[in-house]
Amino acid sequence: MQINLVLRALVSLVILISLSCNIQDNSSGKLLVFAAASLADSLPKVIEIFEKRENVSIDISYGGSHTLARQIEAGAPADLFISAGEVYLEELTEDEDYYKAVPILSNRLVLAVRQGMGKEFSSITQLKESWVGRLAIADPDLAPAGTYAKEALEGAGMWELVQPKLVIGADVRSVIVYLESGNVDVALVYASDITFRTKIESFDIIPKSTYGPIVYPAVVLGDHKEGSVVTKLLKFLQGKESMEIFRTHGFNSDVYSNKMN
């Protein structure tokens, strides 16, 4: 009986070691990318090209960058994290197991309006007017899009004034859904989020001086050495082919690299 128990324990140990190795080395298996929700339209097209070229399978999990960072800190087995904001990677990059964050894209805020509203906007201060109904932003505590939106409203002296009409979404994609469904009249979102939206109009009227640079850094997670599939993916994301796709979707390749030092 004791021998059988010992054998079972040894078999269990071997299985656990095998599973652990598979999690750490995904070079021949499926990779997992955690990405900011605002990349949901463009990133799949980039990943599809890379998958075919490298003969690898990649899953993408989207969400607010704060939420994704917490999941990674809790042990989520992501191989690459692309955040919509550099500040949320600070705790992650303190660990020696993590590569340094590499900025790959930038974005900007715009005022998005539901189609058919029939109003022209020339200033963010117009949001206080009575003819502007509900205003949506992403949750500043969960998504960088919300943090930047709050910064812009505060910078324009509008944050307190719009509180009665403010609607909070979990992330920027939720805000887009609110707008397209007619549940809100206006929203502060990324320019990339409305590039191909036919039910939304946009006004590029939010001064960049009112909010910080919107930078998308990527960081390799876990024990992926130089030359691994994950590090190849990171380089591919910065390449000309990928950048053309990102620019088509409203992103900018100006990544304010000095902000990442």
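Reader: Of the contacts in the protein chain with a separation of 6 or more, what share belongs to residues 24 or more positions apart?
Author: Those residues account for 79% of them, where a contact means heavy atoms within 4.5 Å. Please keep in mind that this is a predicted model, in which local features need pLDDT of at least 70, side-chain atom pairs count only at pLDDT 80 or more, and totals for chains, interfaces and linings use all residues. Residues are numbered from 1 along each chain as its sequence is written, and side-chain values use heavy atoms, with hydrogens and water left out.

Reader: How many helices and strands does the secondary structure of the protein chain come to?
Author: There are eight helices and 10 strands. These are DSSP runs numbered from the N terminus (helices are H or I, at least four residues; strands are E, at least two).

Reader: What makes E4 largely enclosed by the rest of the structure?
Author: Five of its six residues are buried, so the description fits. Buried means under 20% relative accessible area (exposed is over 50%, partly exposed in between, with a 1.4 Å probe and protein chains only). Across the 261 residues of the protein chain, 47% count as buried.

Reader: Which strand pairs with E4, and in what sense?
Author: That is E10 (residues 214-220), antiparallel to E4 over five bridges. Two strands pair if DSSP finds at least two bridges between them, so five bridges qualify. One of the matched positions is Ser-106, whose bridge partner in E10 is Val-215.

Reader: What is the order of the open sheet that holds E4 and E10?
Author: Its five strands run E2-E1-E3-E10-E4, with mixed pairing. What puts E2 (57-63) and E4 (102-107) at the edges is that each pairs on one side only. From one strand to the next, the twist averages 20 degrees. Inside the sheet, E1 (residues 30-36) and E3 (residues 80-82) run parallel and share three bridges, and Val-33 stands opposite Leu-80 in E3. Helix H3 (residues 65-73) lies across E1, E2 and E3, at about 140 degrees to E1. Angles run from 0 to 180 degrees between N-to-C directions, with axes fitted to C-alpha atoms, for helices over the stretch in contact.

Reader: And which strands are at the edges of the sheet with the order E7-E6-E8-E5-E9?
Author: In that open, five-stranded sheet with mixed pairing, the edges are E7 (166-169) and E9 (200-203), as each pairs on one side only. Here the twist averages 35 degrees from one strand to the next. E6 (residues 135-138) runs parallel to E7, joined by four bridges, and Ile-137 has Ile-168 in E7 as its bridge partner. Helix H5 (residues 144-155) lies across E5 (109-114), E6 and E8 (186-190), at about 130 degrees to E6. Helix H6 (residues 172-180) lies across E5, E6, E7, E8 and E9, at about 145 degrees to E8.

Reader: Why are H2 and H8 called roughly antiparallel?
Author: H2 (residues 43-54) and H8 (residues 240-248) pack at about 155 degrees, with axes 9 Å apart. Angles over 145 count as roughly antiparallel (under 35 roughly parallel, 65 to 115 roughly perpendicular, the rest oblique), and H2 and H8 therefore earn the name. Their contact involves Leu-43, Lys-45, Val-46, Ile-49 and Arg-53 of H2 with Glu-241, Ser-242, Ile-245 and Phe-246 of H8.

Reader: How do the residues of the contact of H2 with H8 divide?
Author: Five are nonpolar, one is polar and three are charged. Ala, Val, Leu, Ile, Met, Phe, Trp, Tyr, Cys and Pro count as nonpolar, Asp, Glu, Lys and Arg as charged, and the others, Gly among them, as polar.
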